[in-house]
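The following exercises are to be worked with the sequence and the structure at hand. Each task is followed by a solution in steps.

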Amino acid sequence: MLSACSDNKTQKEPLAASEESNMVSAVTEVSARFSGNAGDQVLMEDYGYLEGERYVLYLEKGTTLPGDLKNQVEEIMRIDEQILGFSFSVTDYVKNHHWREVFLGDAFQGIQASEDKVQIMIARDQGDGAVEWSDTNEIMLFDRDFDPEYSTREVIFHELAHVLRLRQSPHLGQVLEEGIGCYAQYHGSILSETPCWSCLQYMSLETAESRFDDSVIIQDPEAAFRKYNVADRNAAQPEYQYGFRFVSFLMEEYGDDILQRLSATAAKYQYLETDNDKIIEIIKEATSEDVFERFAKWLPEGWKRISENIEDSLRKYGY
Ligand SMILES: [Zn+2]
């Protein structure tokens with residue numbers, strides 16, 4: 001199951017403390033083991049870390065990873081920057097909670113890797129329903145995301161896009177943040193010529209029809225935004241559905257620097273996440289007073305066009 005849009009960190013069970021007591025604490029930098037060749041496979045027989053210019057990769061014991069892992073991470077970071085118009089440069093929003101200690105135990109204690117860099121954990125998928133997730137500067141991925149057989153590389157675009165965006169301002173709420181993640185996931189897949197299979201949760205490949213009742217948005221786009229922005233997460237994921245459409249619309253109608261303008265406006269505030277009034281005020285300030293009315297008008301044709309593009313892109317992979 002593709003789970004690109006479900007950043008629920010509670011689903012992966014932390015290791016019990018007792019399991020950690022015999023663990024080797026002197027984890028080493030393992031760059032030398034990664035040849036740079038895409039065809040090579042590295043099996044991590046112990047925990048190890050890799051430090052790039054802008055990220056640190058924390059690798060779980062037992063993961064199998066491609067020889068060009070560092071190049072792939074760097075490429076995805078570069079493409080996300082290109083799509084969203086932001087840079088991964090260090091800001092005051094970089095905060096780490098050391099989730100690796102919860103999820104990977106104390107294996108990485110004492111290492112000297114920079115905390116300013118994006119902290120990326122790569123674990124084995126235990127098949128227990130856990131999914132990839134990200135926090136403001138920390139990400140959990142699975143080694144299978146780098147395996148072309150599984151075709152889940154799109155998830156990496158999504159999670160890194162969260163970190164990139166969250167380096168610019170306070171959290172903009174679920175609709176915008178997830179919309180930006182989905183937008184980067186789709187366009188990143190296109191640019192790196194890999195399939196975005198999770199796009200099938202937005203439209204039917206057979207008919208290119210929406211898998212969401214767009215009439216709810218069209219009837220009252222601002223009310224729907226408010227509702228989904230604070231909705232409990234559920235299988236229907238309306239915040240992703242609305243967000244992907246809305247961010248696609250913003251980029252088309254207000255220019256591809258719109259997310260920078262939104263973030264700059266948002267940076268004046270300390271907290272926004274569930275404050276619908278302030279978030280809507282910021283959106284209108286960065287775009288126009290009638291932004292939601294324009295969105296409702298754009299939606300039927302605009303979304304149809306995007307759905308057809310998604311369909312074309314997936315047909316190339318033999319679906
Ligand atoms: Zn997300």
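**Exercise 1. Determine which residues Tyr 47 touches, leaving out those up to four places away in sequence, and whether Tyr 47 is buried or exposed.**

Solution. The model is a predicted one.

Step 1. Beyond four places in sequence, Tyr 47 touches Val 27, Leu 59, Glu 60, Lys 61, Leu 104, Ala 107 and Phe 108.

Step 2. Tyr 47 belongs to the loop between β2 (41-43) and β3.

Step 3. A residue counts as buried if 20 or more other C-beta atoms lie within 10 Å of its own. Tyr 47 has 25 other C-beta atoms within 10 Å, so it is buried.

Step 4. A distance across the chain can be added: Lys 268 is 221 residues from Tyr 47 along the chain, and their C-alpha atoms are separated by 41 Å.

**Exercise 2. Classify Ala 38 as buried, partly exposed or exposed, and state which residues it contacts beyond four places in sequence.**

Solution.

Step 1. Ala 38 is located in the loop between β1 and β2.

Step 2. The class "partly exposed" lies between the limit for exposed, 12 or fewer C-beta atoms within 10 Å, and the limit for buried, 20 or more. Ala 38 has 14 C-beta neighbours inside 10 Å and therefore counts as partly exposed.

Step 3. Once neighbours within four places are set aside, the contacts of Ala 38 are Pro 66, Gly 67 and Asp 68.

Step 4. Gln 72, 34 residues from Ala 38 in sequence, is 9.0 Å away from it in space, C-alpha to C-alpha.

**Exercise 3. Establish in which sense β3 pairs with β1 and in which sense β3 pairs with β4, and name bridge partners.**

Solution.

Step 1. The general principle is that strands of a sheet pair through backbone hydrogen bonds, either parallel or antiparallel.

Step 2. Between β1 (residues 28-29) and β3 (residues 48-51) the pairing is parallel, with two bridges. Thr 28 faces Gly 48 of β3, and Glu 29 has Tyr 49 as its bridge partner in that strand.

Step 3. Between β3 and β4 (residues 55-59) the pairing is antiparallel, with four bridges. Here Leu 50 has Leu 57 of β4 as its bridge partner.

Step 4. The connection from β3 to β4 is a hairpin of three residues.

**Exercise 4. Describe the side chains of β4 and the pairing of β4 with β6.**

Solution.

Step 1. In a regular strand the side chains alternate between the two faces of the sheet.

Step 2. From β4, Tyr 55, Leu 57 and Leu 59 point one way, whereas Val 56 and Tyr 58 point the other way.

Step 3. Five of the five residues of β4 are buried, and the strand is thus described as mostly covered.

Step 4. β4 and β6 run parallel and are joined by five bridges. Opposite Tyr 58 stands Met 121 of β6.

**Exercise 5. Assemble the sheet: in what order do its six strands lie, and which helix packs on it?**

Solution.

Step 1. The six strands form an open sheet in the order β1-β3-β4-β6-β8-β7, and the pairing is mixed.

Step 2. β1 and β7 (133-134) are the edge strands, each pairing on one side only.

Step 3. Helix α4 (residues 154-166) packs on this sheet and touches β6 (118-123), β7 and β8 (138-142). The direction of α4 makes about 175 degrees with that of β8.

**Exercise 6. Characterise the whole chain and its domains.**

Solution.

Step 1. The protein chain contains eleven helices and eight strands. Its radius of gyration is 20 Å, close to the 20 Å given by the globule rule for 319 residues, so the chain is as compact as a globular protein of that length.

Step 2. The C-alpha trace spans about 60 × 45 × 30 Å along its principal axes, and 42% of the 319 residues count as buried.

Step 3. Of the contacts with a separation of 6 or more, 67% involve residues 24 or more positions apart.

Step 4. The domain assignment gives domain 1 (9-168) and domain 2 (197-315), with C-alpha centres 29 Å apart.

Step 5. Six residues of domain 1 contact eight residues of domain 2. On the domain 1 side, the touching residues comprise two nonpolar, three polar and one charged.

Terms used:
Residues are numbered from 1 along each chain as its sequence is written. This is a predicted model: local features need pLDDT of at least 70, side-chain atom pairs count only at pLDDT 80 or more; totals for chains, interfaces and linings use all residues. Two strands pair if DSSP finds at least two bridges between them. Domain bounds come from an automatic or database domain assignment. Two residues are in contact if their C-beta atoms, placed from the backbone, lie within 7 Å. Ala, Val, Leu, Ile, Met, Phe, Trp, Tyr, Cys and Pro count as nonpolar, Asp, Glu, Lys and Arg as charged, and the others, Gly among them, as polar. The radius of gyration is taken over C-alpha atoms; the globule rule is 2.2 Å times the number of residues to the power 0.38. Axes are lines fitted to C-alpha atoms, for helices over the stretch in contact, and angles run from 0 to 180 degrees between N-to-C directions.
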